[in-house]
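I opened this notebook to record what I looked up about cysteines and the links among them.

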Protein chains: 2
Amino acid sequence: MDHFADRLTHAFRARGNSVCVGLDPRWELLPEEIRGRHRDMTLAGMAAAFEEFCLRVLEVVAPLVAVVKAQSAFFEACGPAGMTALQNVLRHARQQKLLTILDSKRNDIASTAEAYADAALGGTVLGASRLPVWDADALTVNPYLGRDAVEPFLKSARRDGRGVFVLVRTSNAGSGQFQDLVCDGRPLYLHVANAVGEWARENLGTCGLGDVGAVVGATHPGELAAVRQMLADVYFLIPGYGAQGGTAADIAAGFRADGLGAVVNSSRGIVAAFEPDDPAWEAAVEAATRATIADLARTTPMNQLTRPAERS
Amino acid sequence: MDHFADRLTHAFRARGNSVCVGLDPRWELLPEEIRGRHRDMTLAGMAAAFEEFCLRVLEVVAPLVAVVKAQSAFFEACGPAGMTALQNVLRHARQQKLLTILDSKRNDIASTAEAYADAALGGTVLGASRLPVWDADALTVNPYLGRDAVEPFLKSARRDGRGVFVLVRTSNAGSGQFQDLVCDGRPLYLHVANAVGEWARENLGTCGLGDVGAVVGATHPGELAAVRQMLADVYFLIPGYGAQGGTAADIAAGFRADGLGAVVNSSRGIVAAFEPDDPAWEAAVEAATRATIADLARTTPMNQLTRPAERS
């Protein structure tokens, strides 16, 4: 496969926007129509409902956006059946030519990190085979354990053009407790950002961006600008737009001047943009996706490159 | 259920040791006997082999130790079938009256963290029901996102006497990259340790220890001593003994003077203590478990309280 950043850049340019739809299925926010068919109140039923919902969302958003992000936690909450649903959702997204980010915020040490990395990206090694598990284009990684723990993720990603997004400044209100601690004159999150830059520059794509990105929340615009100032050659995955309170103006500083460099995620703002009893919920998801693209186009250059592709 | 720390303390006293057996199944280290029955080279076959291996290890170690720790990464590497194996292994451990730690190093924000926490501990909420998923007695949590992200884990744990172990100083060689950064006069890992102490003191058991513990590697004995000096009332989960290089002398500083306070994990030193072609591999696992207990008894007071229980 081509370099991850080149694949992202190409897909964003083709779509004319850099919106990522977050697949965060929550039982209480699903359409009643779907819940009604899975009312046995088992984890397997919940998983089946999540899968049906996400597949139908994918049908709606695939013509409009380039990337989706699956939130592993909600699938794991359904146990093994949820993991099967996650596999099916990711496979379906790939079939629709969407790029996939697995948001699982994993990390561990040595061969344990390797097991997570290979499962998420390049495939689990069994004898001479490499067997795909989640088979995502990228995953999110927690940096607390340091470079040697991140290394297996880079290795698995670089085997065939996949990517890694490292948590730098998360979107929650209390993210500063440790991330803002000032060490040697700068906050911890900028130390992590600096490391992300070093890792990214080991392998830049032809678009000039690396295959290691940074997760920086839209809810902290000052920090977002500080990280962009430090890292010209890194893709940001920006959560926190929409339901969490981040605005298009807040995230403008996350983009580079050429319009590249940001993957703007919206989850609830799109996949919960309807009342559960609305039979036209798919139209509401489509409208919310288009509204998100239009909103971002007001302040962020990537989203002004072309009008959104409208394959119908 | 009783308070998590009281359950740990009671179980350690009953067994006369504080060894935790790490269930880290790796295909290439499994007994050939088991691999031979699952040679179809699929993820489902790998998962079935992992399950069979872990269940047989549980039979061997359940009479000897109080706690086991399942490494989520190796089960996840087998996809959904691996998660079914993980459920079966954890269920079997509970049936054997073992306390279970799910080593999944999870974290995320808000309701996403809640989904991870409920799946690991108190059960996934579906309507008015709470459905058990991994149903572990405790899990490991990454602190990078801060208190509000750890909060859902505390809440789920405290619903019914379960526990949380927060990464403080991990056992990998490069753990100092961020964990040793000095902020306001002390390293980051001591800031995290200080927070763990605050969280633990919100809910102390009658044994005087809290339901929030700290993961501190045996491979960094100086740091282990520093964290113990700061935290008298916190259980430590200590990885890194044995295969990673930590010795019984190294971990002595992790115990309190009364012999409590540490859960000493050994994974490969026990579950890979044989050549794959050894038909008597279970005897080797038993001998390695007894040798670990005896080794710890030389330097750590908990392991001298009584001789290991020997239900045969």
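Entry 1. I counted disulfides over all chains of this predicted model, and the count came to one.

Entry 2. Which residues does the disulfide join? I found that Cys183(A) is linked to Cys183(B), with an S to S distance of 2.3 Å. This pair qualifies because the cut-off for two cysteine sulfur atoms is within 2.5 Å.

Entry 3. I then looked up where the two partners lie. The pair crosses between chains: Cys183(A) belongs to strand E8 (residues 182-183) of chain A, and Cys183(B) to strand E8 (residues 182-183) of chain B.

Entry 4. I noted the handedness of the link. The angle about the S-S bond is 60°, and the link of Cys183(A) and Cys183(B) is right-handed.

Entry 5. Are the two linked cysteines buried or exposed? Cys183(A) has 0% relative accessibility and counts as buried. Cys183(B) is likewise buried, its relative accessible area being 0%.

Entry 6. I turned to Cys207(A) and asked why its sulfur forms no bond to the closest cysteine sulfur. That closest sulfur is in Cys20(A), 17 Å away, so the distance is too far for a bond. I also recorded that Cys207(A) is buried, at a relative accessible area of 18%; this value qualifies because buried means under 20%.

Entry 7. I made a similar check in chain B. For Cys78(B), the closest cysteine sulfur is that of Cys54(B), and the 10 Å between the two sulfurs is too far for a bond. With 2% relative accessibility, Cys78(B) counts as buried.

Key: Residues numbered from 1 in each chain as written. Chains lettered and ligands numbered in written order. Predicted model: local features only at pLDDT ≥ 70, side-chain atom pairs only at ≥ 80, totals over all residues. Heavy atoms only, no water. Helix = DSSP H or I, 4+ residues; strand = E, 2+ residues; numbered from the N terminus. Buried < 20%, exposed > 50% of the residue type's maximum accessible area, 1.4 Å probe, protein only.
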